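Open the model in your viewer and keep the selection panel at hand. The stops below go from the domains to the ligand.

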Amino acid sequence: VADFACRQGLAGLEFAHGIPGTVGGAVCMNAGAYGGEMAQVVREATLLLPEEGIRTLTGAEMAFGYRRSFLTDHPDAVVLRAEFQLSPGDPAAIRGRMKELLEKRRASQPLEFPSAGSTFKRPEGYYAGTLIDQCGLKGLTVGGAQVSEKHAGFVINRGGATCADVKELIRRIQERVFAQAGVRLEPEVRIID
Ligand SMILES: Cc1cc2nc3c(=O)[nH]c(=O)nc-3n(C[C@H](O)[C@H](O)[C@H](O)COP(=O)(O)OP(=O)(O)OC[C@H]3O[C@@H](n4cnc5c(N)ncnc54)[C@H](O)[C@@H]3O)c2cc1C
């Protein structure tokens, strides 16, 4: 979508370039990066609600917050379509910004290993990755799951990691960070048991 918008000379979705996922998932999670988030560009979304049927909600009615939206409060609702409001821009400048963000991402994130992205939400006043690093947890491993050496905010799969490995590693990180820094880390990833 970001690429398509760029080709049309429409600015506003540069932040989304490099975030893996679908429009529905991004709207649900209010995906964001580098100062941008879906909340800034979604003008309206058409949803299928189990009781009411099809309904279109404005951006304000979508109640976007940090990694949350109307959808996270109504998990049975399905995004059918989303309308973005973008601004005219120079395609070369938009492309340049997207490349710059992608390079930043490649330099700082362990994209060479499978992961679910940032494991924890950003706690108020802190960065999860920095806290985890300061607690000396880079490289902590449970089975095939490991706290990335490149970016401590990512739990990566070094090979053969099971759901139990990832859950146990998340538990140990939460325990250590709370014991050492007094901060409760809340997972950003959603676990389906
Ligand atoms: C390497 C890496 C980097 C990442 N970087 C970022 C980042 O910078 N910023 C960021 O915000 N995220 C980031 N993520 C997380 C990723 O963006 C989210 O996983 C993605 O936005 C979710 O989209 P998805 O389509 O994969 O949804 P899923 O993971 O399949 O689902 C996520 C949630 O959305 C719901 N959902 C999905 N589709 C719909 C729909 N049509 N209607 C209603 N609900 C729906 C699901 O039920 C679930 O609750 C990263 C992930 C990885 C692996």
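Select domain 1 and domain 2 in two colours: together they bury about 410 Å² between them, and 49% of that area is on carbon and sulfur atoms. The model is a predicted one. To make the selection, use 2–108 for domain 1 and 115–181 for domain 2. A distance drawn between the C-alpha centres of domain 1 and domain 2 comes to 26 Å. Five residues of domain 1 and four residues of domain 2 make up the contact.

Next, select the ligand and the residues within 4 Å of it. This shell holds 24 residues, and the closest are I19, T22, G32, V79 and R190. Colour the shell by domain: domain 1 and domain 2 each contribute at least three residues to it.

Now switch to secondary structure. Which elements supply at least two residues each of the shell around the ligand? They are α2 (23–29), β2 (32–33), β6 (78–84) and β8 (115–118). Of the shell around the ligand, α2 provides the largest share, with five residues.

Recolour the shell by residue class. Here 13 residues are nonpolar, eight are polar and three are charged.

Zoom in on the polar contacts of the ligand, starting with T22. A polar side-chain atom of T22 sits 2.6 Å from a ligand oxygen atom. Move to P20, where a polar backbone atom is 3.2 Å from an oxygen atom of the ligand. Then pick G25: a backbone N or O atom of G25 is 3.3 Å from a nitrogen atom of the ligand.

Finally, show the surface of the ligand. On its own the ligand has 960 Å² of accessible area, and the protein covers 69% of it.

Definitions and conventions:
Residues are numbered from 1 along each chain as its sequence is written. This is a predicted model: local features need pLDDT of at least 70, side-chain atom pairs count only at pLDDT 80 or more; totals for chains, interfaces and linings use all residues. Side-chain values use heavy atoms; hydrogens and water are left out. A polar contact is a pair of N or O atoms within 3.5 Å; within protein, one must be able to donate a hydrogen and the other to accept it, and residues adjacent in sequence count only if both atoms are side-chain atoms. Accessible areas come from the Shrake-Rupley method with a 1.4 Å probe; for residues, only the protein chains shown count as cover. Helices (H or I, at least four residues) and strands (E, at least two) are DSSP runs, numbered from the N terminus. Ala, Val, Leu, Ile, Met, Phe, Trp, Tyr, Cys and Pro count as nonpolar, Asp, Glu, Lys and Arg as charged, and the others, Gly among them, as polar. Domain bounds come from an automatic or database domain assignment. Contact means heavy atoms within 4.5 Å. Buried area is the accessible area (1.4 Å probe) that two parts lose on being put together, summed over both.
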